[in-house]
Amino acid sequence: MFLLQSPEVRTLDTFSAMPESFRRRERSAWADANRGGAITDSFLEGPVFDEAGNLYVSDIPWGRIFRIDAQGQWSLVAEYDGEPNGLKFLAPGKLLVTDYKNGLMQLDTASGAVSPYLERRNSESFKGVNDLIFDAEGNLYFTDQGQSGLHDPSGRLYRLRPHGQLDLLLSNVPSPNGVALSPDGRVLYLAVTRGNCVWRVPLLPDGSVAKVSQFFTSYGPSGPDGLAVDAQGHVLVANPGLGYVWVLNHLAEPVQVLCGIKGSSTTNLAFGGAERKQLFVTDSTYGRILTTSMATPGMPIHQGV
């Protein structure tokens, strides 16, 4: 990668760490399959804010969803037999969850009740859904990652329309992960973890996609995970293998690199705080939420309709 100007490098601060009382220091089926059997007390993903400024995050191996208030205090919202990952609000108090084991699930944040939303497609189970985002019209885009990779580039990108039609947009992705939309909603950015890159997916007026391209190429042991977009169209890329968040301009050039402490695994990110100018990043290695202030606010996150 050749850059005419070096990116600004900044260090992420700690906003809050999972209390010891919530850490599960024991083996899990998820860690046996995905972390080489290492004891994994938590693996945080899916940050999203409610209208009151509370941050919700998922904990994949233990099937838990937490609420973190503005002072950094944690409370358990739900614990169930699942592997929750991405979170977005369907409506106030109703979270939609991409669950690797169960498909799309919905959570009532007041009662903690979890129920199915879309478990299968035409009676066929998903590979393992990962992340999701709504557009302004209520269309839901979500990734079906499973164990796909360069050895098996069969990961999928779906669109679920408000009236229930499910469209398969891509079926050839080596590990589709995070999704984000451009400010005008005409381009979807797709993290391709095992390809160590981010794809640019134009969304055409007739509902199809075409001329999908590779927008950004990273490096290291584990590629891009969560994505976000700010009001100027910068694409923010959580790169867990490096412990970075890349901030990319319209040419996919890094203009900032936000770094966690050594060993951090920066998995996903969300804008919050006053005017959405505070960035919050999940660190799955240490069970923490990292943060930094940004000059440009993040794009509003749409809910279902």
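Which residue takes a positive phi in the hairpin of S23 and S24? Hold on to that one for a moment, everyone, and let me set the scene. What you have on screen is a predicted model, so please keep that in mind as we go.

Right, the hairpin. The residue is Ala-252, with a positive phi near 65°, and there are 5 residues between the two strands. S23 covers 244–248 and S24 covers 254–259. The strands run antiparallel, joined by 5 bridges. If you want a place to click, try Leu-248, which stands opposite Pro-254 in S24.

S24 has another partner too. Strand S1, residues 8–11, runs parallel to S24, with 4 bridges joining them. On that side, Arg-10 stands opposite Leu-258. So how many of the 6 residues of S24 are buried? The count is 5, so S24 is largely enclosed by the rest of the structure.

That brings us to the nonpolar interior. In soluble globular proteins, nonpolar side chains tend to be buried together. Here the largest nonpolar core has 16 residues, and the members that touch the most others are Tyr-189 and Phe-215. Six strands each supply at least two residues of this core: S18, S20, S21, S22, S23 and S24. The largest share comes from S18, with 3 residues. Apart from this core lies another, of 15 residues, including Tyr-141, Leu-170, Val-173 and Val-192.

Let me stay with Phe-215 for a second. Leaving aside residues up to four places away in sequence, Phe-215 touches Tyr-189, Val-198, Trp-199, Arg-200, Val-235, Leu-248, Asn-249, His-250 and Ala-252. Notice two old friends there: Leu-248, from the pair with Pro-254, and Ala-252, from our opening hairpin.

Now, for those of you who like cysteines: is Cys-197 buried or exposed? Cys-197 sits in strand S19, residues 197–202. Its relative accessibility is 2%, and because buried means under 20%, Cys-197 counts as buried. Beyond four places in sequence, Cys-197 touches Leu-190, Ala-191, Val-192, Gln-214, Phe-216, Thr-217, Ser-218 and Pro-224. One of these, Phe-216, is 19 residues away in sequence, yet the C-alpha to C-alpha distance is 5.4 Å. Another, Val-192, belongs to that 15-residue core.

Last topic, the pockets. The largest holds about 850 Å³ of space. Which residues lie nearest its centre? They are Lys-88, Met-299, Pro-300, Ile-301 and His-302, out of 43 lining residues. By class, the lining has 24 nonpolar, 11 polar and 8 charged residues. S25, residues 266–272, is one of the strands that each supply at least two lining residues, and S25 gives the most, with 5. S21 is on that list of strands as well, and you met S21 earlier as a supplier of the largest core.

The second largest pocket has a volume of about 590 Å³. Its lining has 28 residues, and nearest the centre are Trp-30, Asn-34, Phe-43, Gln-145 and Arg-194. Helix H1, residues 29–34, provides the largest share of that lining, 3 residues. Here the classes come out as 8 nonpolar, 15 polar and 5 charged.

If you take one picture back to the bench, make it S24: paired with S1 on parallel terms, with S23 on antiparallel terms, and largely enclosed by the rest of the structure. Thanks, everyone!

Key
Residues numbered from 1 in each chain as written. Predicted model: local features only at pLDDT ≥ 70, side-chain atom pairs only at ≥ 80, totals over all residues. Heavy atoms only, no water. Core = buried A, V, L, I, M, F, W, Y, C linked by side-chain atoms within 4.5 Å. Buried < 20%, exposed > 50% of the residue type's maximum accessible area, 1.4 Å probe, protein only. Contact = heavy atoms within 4.5 Å. 1 Å grid on protein atoms, 1.4 Å probe; cavity = no way out; pocket = protein on both sides within 12 Å on 5 of 7 lines; lining within 4 Å. Points joined across faces, edges and corners; volume = space filled by probe spheres on them. Nonpolar A, V, L, I, M, F, W, Y, C, P; charged D, E, K, R; others polar. Pairing = 2+ DSSP bridges.
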